[in-house]
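Student: I have a new structure open and would like to learn how to read it. Could you take me through it step by step?

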Amino acid sequence: MPSSTSKKNAAESVKAAESVKVVVRCRPLGRKEVDDGRKTCVDIDTTRGCIEVKKLSKPGNDKQFTFDNVFDQNSRQIDLYKTVFQPLVASVLEGYNGTIFAYGQTGTGKTYTMQGTPSDPEQRGVIPNSFQQIFEHINQTKGIQYLVRASYLEIYQEEIRDLLSKDTKKRYELKETADSGVTVKDLSSFVVKSVKEIEHVMNVGNTNRATAYTDMNERSSRSHAIFITTIECCETMGTENHIRVGKLNMVDLAGSERQSKTNASGERFREATKINLSLSALGNVIHALVEDNTNHIPYRDSKLTRLLQDSLGGNSRTVMVANIGPADYNYDETITTLRYANRAKNIKNKPKINEDPKDALLRQFQSEIQRLRKILESKTQGGGTVKRRVRRVSDTGEEEEFSEEETVGREEYIKEQQKHLEEEKKKISENHSLIAEEKQHLMGELDYRARQLNEEAEARDALKLKLQSMESKLINGGDVIQKTAIMEKELQEKQRKIAEEKQRADEMRNALKAKEEKAQEAKETFNNLQSEVSSKTKKLTKLFHKLQNAEQEIKDLQEAHRQEIEDLTQTMHDLQRHLVTKQLIINNFIPPCDQEMFYKRTQWDDLTNNWKICRYESEELKEMVKRPLSAIPSQRHATCQVGKVQMLTAHASEKPVVFLRYKHQNILMVDLDLPSRTTRDYEGPTVAPHIKAALEAALEDEEELVVDAAKLNKRERRKKKKSSRTDNMMSKSSDNQIYSKSRKREEELYPSARGLLGVTPKRTGF
Ligand code: ADP
Ligand code: MG
């Protein structure tokens, strides 16, 4: 009962978070669709709240969704209202905010669900049905004062238009206050006292609503329309007034279809883009609200989401009706709508009763009424005494006229005064004894007084009227007679509902029985299958272990293989380096003909697994120069002389002669590329003449050392060695000296090995 809600304390008014309620309604196939032979692709199980959508072109690809309530093609407006919307409107009457929005493709029945045909009770949609409920409730509620107002706006291409304003082209902005949240600035709202009045407001708005033609539906609405009903109620408890405010938003969204389906172009295309923008912003808000890890909710992305901010994740109870069409060609859109709706199910709102808000209009009305009453009171005070003529029968039995004084109120007093003035005026005009000037003066005075009295009376009347009109805007609930009738009606309705529920329960029981039977069958099959499953599981486990081992082995092998490749590569590099070094030595230190001979002599020995060097063939040996004989038979080192001779003869005959035995003597004759001198001869310190003379004298007897390496024989050299050892003035080692001397001589003949490496000009030899 309404009065019971007033007893709730503030703590109770704050309810725990509750989910957005999502219901789906499927309309019947349209006439055109039937004519075109369209098939239904939607299966609805109203008892389980289940919807199955089948792709007829691809059997087995069915999609299932579950919702709080689902309504099939045969659903009646009133059923939908009673089941889903009535509880929501009832909570708005208690002081909660409520939102109902219809979402879906164009032509699926959003406007039908929200508006229907208001004049036909069977076809009435949510909005007109809510009017009935609101005013019935107010009439039933005793001792509570209500103020109901309605606004109607439209968001068209991201611009807000007031559908109740005379200037429907004017654009409105949003504003945000701590008490009322996000509202439209300067939006007109009409105070209504009855169903008739609020229906009139709705009709005016509907005629102003923008509609445009697209392929989808002949009069498809391309805008989002929001009908707002604000219900304020005041309950007096003791000496205190308690005000509660509930706001009901009823939103008929524009079609959610993709632009490609509408065949829109030009202005229509731009329009569709903007409509899609706000709908996709709505989708993003829903998505962000149901994601756990999102802090930012993009309400500000569109005007629609800003305005519905409280309805989505805020202080509101929200019901979303997802409208779908059953025809197979709408399969994709139907799935999209159902997915959208499915996501919205997870939005959590925190509704609370809006108690004593600072900006409640009802409070403003009450204080204004109070003020007017006070003014009126002051205007009615200050009456006076008036003389009345009364007829009375005297003691003598004759009727006499007396004049009596009476104290009256201000209103009466003014009336008397006006009457008195009129009489006075009449008397003066009839009095011929007065001169014209005097008469005029007196009449002027009387007119002035009469005017004053009139003005006072008019002001009081205006005040009275204003007060009356303000008071009339507030509805005082509770008409007992009406209440009984309504209750009777309600009772009948409830009985009908109980009967329906019973029927539904029977259906459910039958369905449950059938399912139990099915479950039993499935259980038997299951037992057989289970033993099969357990043996297969064992096998599978074994195989799995095997697989794991094999996989591990493959990994190990791969690793080993990789390691081997690395080692081999390293070895190959080492060998290459080694080979290059050897090749370098061979090329530089072994003559090509020797190399050739050597290569010929080398053979791979399979037995030893190694290269072996073969002996010279006899032919080869013949060709080889025989070992030169020493000129002095007993002396071994005559070869030097022989080599010299051979070289000279070869040089003369210009034939290359290979001196096989002493290869170090196989020296090439090349011109020296002498560098320019960069040093100076040593010049010793100047010696005093007497010291010089003494030194010369000392050296005079010394035998000058002359070494001819070519002619020097061993004995001589030994002798020289002996003598040179004693000579401190000469170099430390006589051998070295001899060698260096002979070397010097040789170098004179055969320039040093500067041109040896890599140069193979005209080859000479001994
Ligand atoms: P929307 O507003 O989604 O574009 P409408 O409400 O204009 O769609 O519906 C399109 C047509 O389908 C209308 O002629 C309407 O009467 C019809 N219709 C929609 N829903 C139903 C329903 N549940 N039962 C019967 N007719 C319906
Ligand atoms: Mg519509």
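Student: What share of the 766 residues in the protein chain is buried?

Tutor: Let's begin with a reminder that this is a predicted model. To sort residues, we look at relative accessible area, and under 20% means buried. In this protein chain, buried residues make up 33% of the 766.

Student: How many helices and strands does the protein chain have?

Tutor: There are 21 helices and 22 strands in the protein chain.

Student: And what does the chain expose to its surroundings, in area?

Tutor: The exposed area is about 50,400 Å². Carbon and sulfur atoms supply 52% of that area.

Student: What percentage of the contacts between residues at least 6 apart join residues at least 24 apart?

Tutor: In this protein chain the share is 70%. Lys247 gives you one case to look at. Lys247 sits in strand β15, which covers residues 240-252. Its C-alpha atom is 7.7 Å from that of Gly95, although the two residues are 152 apart along the chain. With neighbours within four places in sequence left aside, the contacts of Lys247 include Val92, Tyr96, Ser180 and Ile228.

Student: Is Lys247 buried or partly exposed?

Tutor: Lys247 has a relative accessible area of 22%, so Lys247 counts as partly exposed. The cut-off for buried is under 20%.

Student: Now the inside. Which residues touch the most other members of the largest nonpolar core?

Tutor: Here is the general idea: in soluble globular proteins, nonpolar side chains tend to be buried together. In this structure the largest nonpolar core has 46 residues, and Leu153 and Leu282 touch the most other members. Helix α11, residues 331-344, gives this core its largest share, six residues. A second, separate core has 40 residues, among them Phe135, Ile144, Tyr152 and Val201.

Student: What does Leu282 touch?

Tutor: Leaving out residues up to four places away in sequence, Leu282 touches Phe101, Leu253, Leu304, Thr305, Leu312 and Tyr340.

Student: I also see a ligand. Which residues are closest to ligand 1?

Tutor: To read a binding site, start with the shell of residues and then look for polar atoms. Ligand 1 is surrounded by 12 residues, and the closest are Gly107, Gly109, Lys110, Thr111 and Tyr112. Helix α5, residues 110-114, supplies the largest share of the shell, with three residues.

Student: Where do polar atoms of the protein meet oxygen atoms of ligand 1?

Tutor: Take them one at a time. Thr111 places a polar side-chain atom 2.7 Å from an oxygen atom of ligand 1. Tyr112 has a backbone N or O atom 2.7 Å from a ligand 1 oxygen. For Thr108, a polar backbone atom is 3.3 Å from an oxygen of ligand 1. As for cover, ligand 1 has 560 Å² of accessible area on its own, and the protein covers 68% of that.

Student: Thr108 makes me curious about its other neighbours. Which residues does Gly325 touch?

Tutor: Thr108 is one of them: not counting residues up to four places away in sequence, Gly325 touches Cys26, Arg27, Val42, Thr108 and Thr334. You will find Gly325 in the loop between β16 (317-324) and α11. Because its relative accessibility is 1%, Gly325 counts as buried. The C-alpha atoms of Gly325 and Arg25 are 8.6 Å from each other, with their places 300 residues apart along the chain.

Student: Which residue makes a side-chain polar contact with Arg25?

Tutor: Ser75 does, through its own side chain, at 3.3 Å. The side chain of Ser75 also has a polar atom 2.9 Å from the backbone oxygen of Asp72. Ser75 belongs to the loop between β6 (69-71) and α4 (77-94). With 17% relative accessibility, Ser75 counts as buried.

Student: One last feature. How many disulfides are there in the whole structure?

Tutor: A search finds zero disulfides. For a disulfide, two cysteine sulfur atoms must be within 2.5 Å. Cys234 shows how to check: the nearest cysteine sulfur belongs to Cys233 and is 7.8 Å away, and Cys234 is in no disulfide. At 2% relative accessibility, Cys234 is buried.

Key. Residues numbered from 1 in each chain as written. Chains lettered and ligands numbered in written order. Predicted model: local features only at pLDDT ≥ 70, side-chain atom pairs only at ≥ 80, totals over all residues. Heavy atoms only, no water. Buried < 20%, exposed > 50% of the residue type's maximum accessible area, 1.4 Å probe, protein only. Helix = DSSP H or I, 4+ residues; strand = E, 2+ residues; numbered from the N terminus. Contact = heavy atoms within 4.5 Å. Areas by Shrake-Rupley, 256 points an atom, 1.4 Å probe, with all protein chains shown as cover. Core = buried A, V, L, I, M, F, W, Y, C linked by side-chain atoms within 4.5 Å. Near = heavy atom within 4 Å. Polar contact = N/O pair within 3.5 Å; in protein donor to acceptor, adjacent residues only side chain to side chain.
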